[in-house]
Amino acid sequence: LWAVEPNAYMRRVLTLRTEKMPQVRVVAASAERTHLPDGSVDAITVAEAYHWFDNDEARREFRRILKPDGYVFLLWNHFRGNPYDEQMRDIARRYRTYPEQKGRTEAQLADDTFGPGAWEKVTFDNTMRQPFERFYGGMTSASYAPQPGTVAGKAFKKEVQELFEQYAEGDRLVTHVTAVCYFGQMKGRA
């Protein structure tokens, strides 16, 4: 398993979490230039990141590294049906480290990748019951979140803690999430 990650902090976290898994190799690279061998992978999985890629370059790279019958899986999580959804989005908006990206929809990205309608879509429940550190970890894992320990990061943590305490059931916060996956093969796509 190759885990391609351009962000040094995220690579460090991933390396620490997988240090006892010799089958996982963490690669300092981008989706557009993975440095993996031609035709070397059976599947490419992208979770919550594809909208940041240069679609044309990533598509070329995916075709280069995929085996002939390889698959691509594009995943996103949708937080819906939680009484705190709007508060959570408001916190994220106020602490963004750069402007919100307005781009193509997930279906449009799938069309770009696989061809118009040449993909399948599945959704599944990904409801989580998390203690604070896990919930906070998820909030800070967003690419736009302020770095922990900074002034903004400390204020962000305080507001996330307040939201957690307001809605938690005991020591857990229930977060209703629908995971959406677009998948297919890139046959005939340049």
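Which side chain makes a polar contact with the side chain of Asp-42? Keep that in mind as you set up your view, and remember that this is a predicted model.

**Stop 1: Asp-42**

Select Asp-42, which you'll find in strand E3. Its relative accessible area is 52%, so Asp-42 counts as exposed, the cut-off being over 50%. Now add Lys-67: that's the partner you were asked about, with the two side chains making a polar contact at 3.2 Å. Setting aside neighbours within four places in sequence, Asp-42 is in contact with Leu-66, Lys-67, Gly-70 and Tyr-71. Try a distance label too: the C-alpha atoms of Asp-42 and Ile-65 are 8.8 Å apart, with these positions 23 residues apart along the chain.

**Stop 2: the largest nonpolar core**

Next, pick Ile-44, Tyr-50, Phe-62, Val-72 and Leu-74. These have the most contacts inside the largest nonpolar core, a set of 21 residues. Colour strand E3, helix H2, strand E4, helix H4 and strand E8, since each of those elements gives two or more residues to this core. The largest share, four residues, comes from E4. As general background, nonpolar side chains in soluble globular proteins tend to be buried together.

Zoom in on Phe-62. Leaving out neighbours within four places in sequence, Phe-62 touches Ala-31, Ile-44, Val-46, Tyr-50, Phe-53, Val-72 and Met-186. There is also a second, separate core of 14 residues, with Tyr-84, Phe-132, Ala-145 and Leu-173 among them.

**Stop 3: helix H4**

Which residues of H4 are buried? Select Glu-106, Leu-109, Ala-110, Asp-112, Thr-113 and Phe-114 to see them. Their cover includes H2, E4 and E8. Step just past the helix and you reach Gly-115, which takes a positive phi of about 110 degrees.

**Stop 4: the aromatic cluster**

Show Tyr-84, Phe-132, Phe-135, Tyr-136, Phe-164 and Tyr-167 together: they form one aromatic cluster. The count of aromatic pairs comes to 13. One of them is Phe-132 with Tyr-136, a stacked pair at 5.6 Å centre to centre and 15 degrees between the planes. Why are these two about one helical turn apart? Because they are four residues apart in helix H5. Both Phe-132 and Tyr-136 are buried. Add Lys-157 as well, and you'll see its charged end over the ring of Tyr-136, 5.1 Å from the ring centre.

**Stop 5: Thr-127**

Move to the loop between strands E5 and E6, where Thr-127 sits. Its side chain makes a polar contact with the side chain of Asp-125 at 2.6 Å. Beyond its neighbours within four places in sequence, Thr-127 is in contact with Val-174, Thr-175, His-176 and Val-177.

**Stop 6: salt bridges**

How many salt bridges does the structure hold? Twelve. Here are some to look up:

- Asp-56 and Arg-59 meet at 2.8 Å, N to O. Both lie in helix H2, three residues apart. Asp-56 is partly exposed at 42% relative accessibility, whereas Arg-59 is buried at 11%.
- Glu-86 and Arg-89 have their closest N and O atoms 3.5 Å apart. They sit three residues apart in helix H3, so about one helical turn separates them.
- Glu-162 and Lys-158 come to 2.7 Å between their closest N and O atoms. Glu-162 is partly exposed at 40%, while Lys-158 is exposed at 53%.

For a last selection, take Asp-38, Glu-61 and Arg-64, which are linked in a network of salt bridges.

Conventions
Residues are numbered from 1 along each chain as its sequence is written. This is a predicted model: local features need pLDDT of at least 70, side-chain atom pairs count only at pLDDT 80 or more; totals for chains, interfaces and linings use all residues. Side-chain values use heavy atoms; hydrogens and water are left out. Rings of Phe, Tyr and Trp (its six-membered ring) pair if their centres lie within 6.5 Å; planes under 30 degrees apart count as stacked, over 60 as edge-to-face and the rest as tilted. Buried means under 20% relative accessible area, exposed over 50%, partly exposed in between (1.4 Å probe, protein chains only). A charge sits over a ring if NZ of Lys or CZ of Arg is within 6 Å of the ring centre and within 35 degrees of the ring normal. A nonpolar core is a set of buried Ala, Val, Leu, Ile, Met, Phe, Trp, Tyr and Cys residues joined through side-chain atoms within 4.5 Å. Contact means heavy atoms within 4.5 Å. A polar contact is a pair of N or O atoms within 3.5 Å; within protein, one must be able to donate a hydrogen and the other to accept it, and residues adjacent in sequence count only if both atoms are side-chain atoms. A salt bridge is a side-chain nitrogen of Lys or Arg within 4 Å of a carboxyl oxygen of Asp or Glu.
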